[in-house]
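Hi,

Here is the structure I promised to pass on. Have a look at it first, and then read on for what turned up.

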Amino acid sequence: MLAADIDIDIDIKIVSDTLGHRDTRITRDIYQSVLPHVGKNAAEATAKLVPLQRKAEAEKDRKTAKDAKRTKRMEKAQADSKKEAKRKNPKS
């Protein structure tokens, strides 16, 4: 019964209470070795989240680099503009 309950994603607390365990850790410790695919499925689900995090970080890095380039171009344009103004009006 328990294996079927865990396999169909019934909350571990319900299973633990049904079996009379004081703590859900007891239920997990006992039955996790019986159902190794449960641990594997959890690991795979977690692994799927990692690339999303890396992708988000890479996108943020690209945006930061793009903003830095834009700022540098703007600063260069302002400096060039000041040089041009001085060249046209050397008295200032």
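One definition before the findings: a helix here is a DSSP run of at least four residues, and helices are numbered from the N terminus. Please also keep in mind that this is a predicted model.

**The overall picture**

The chain has four helices and zero strands, so written from the N terminus on, its elements read α-α-α-α. Of the 92 residues, 10% are buried. The accessible surface adds up to about 8,200 Å², and carbon and sulfur atoms account for 57% of that.

**Salt bridges in helix α4**

What should you look for along this helix? Side chains of opposite charge can pair when their charged atoms come close. The structure holds seven salt bridges, and here are some of them.

Start with Asp 67 and Lys 63, whose side chains meet in a salt bridge with an N to O distance of 3.2 Å. Both sit in helix α4, which covers residues 36-88, and because they are four residues apart there, about one helical turn separates them. Lys 63 counts as exposed, with 53% relative accessibility, while Asp 67 is partly exposed at 27%. This pair also belongs to something wider: Lys 63, Asp 67 and Arg 70 are linked in a network of salt bridges.

Further along, Arg 87 forms a salt bridge with Glu 84, and their closest N and O atoms are 2.5 Å apart. These two residues also lie in helix α4, this time three residues apart, again about one turn of the helix. Arg 87 is exposed, at 60% relative accessible area, and Glu 84 is partly exposed, at 29%.

**Around helix α3**

Now go back towards the start of the chain. The side chains of Arg 25 and Asp 23 are joined by a salt bridge, 2.7 Å from N to O. Arg 25 is exposed, with a relative accessibility of 56%; Asp 23 is partly exposed, with 25%.

Thr 24 is found in helix α3, which spans residues 24-31. Is Thr 24 buried or exposed? With a relative accessible area of 14%, Thr 24 is buried, because the cut-off for buried is under 20%. The Thr 24 side chain makes a polar contact with the side chain of Arg 28, at 2.4 Å. Leaving aside residues up to four places away in sequence, Thr 24 touches Ile 12, Lys 13 and Ser 16.

**How α2 and α3 meet**

Those contacts lead to the next point. At what angle do helix α2 and α3 pack? Helix α2 (residues 12-19) packs against α3 at an angle of about 90 degrees, and the two axes are 8 Å apart. Angles of 65 to 115 degrees count as roughly perpendicular, and α2 and α3 are therefore roughly perpendicular to each other.

Which residues meet there? On the α2 side they are Ile 12, Lys 13, Val 15, Ser 16 and Leu 19, and on the α3 side Thr 24, Thr 27, Arg 28 and Tyr 31. Thr 24 and Arg 28, the pair with the polar contact between their side chains, both appear in that list.

If you open the model, I'd begin with Thr 24 and its contacts with Ile 12, Lys 13 and Ser 16, and then move on to the network of Lys 63, Asp 67 and Arg 70.

Cheers

Notes:
Residues numbered from 1 in each chain as written. Predicted model: local features only at pLDDT ≥ 70, side-chain atom pairs only at ≥ 80, totals over all residues. Heavy atoms only, no water. Salt bridge = Lys/Arg side-chain N within 4 Å of Asp/Glu carboxyl O. Buried < 20%, exposed > 50% of the residue type's maximum accessible area, 1.4 Å probe, protein only. Polar contact = N/O pair within 3.5 Å; in protein donor to acceptor, adjacent residues only side chain to side chain. Contact = heavy atoms within 4.5 Å. Areas by Shrake-Rupley, 256 points an atom, 1.4 Å probe, with all protein chains shown as cover. Axes fitted to C-alpha atoms, helices over the stretch in contact; angles between N-to-C directions. Parallel < 35°, antiparallel > 145°, perpendicular 65-115°, else oblique.
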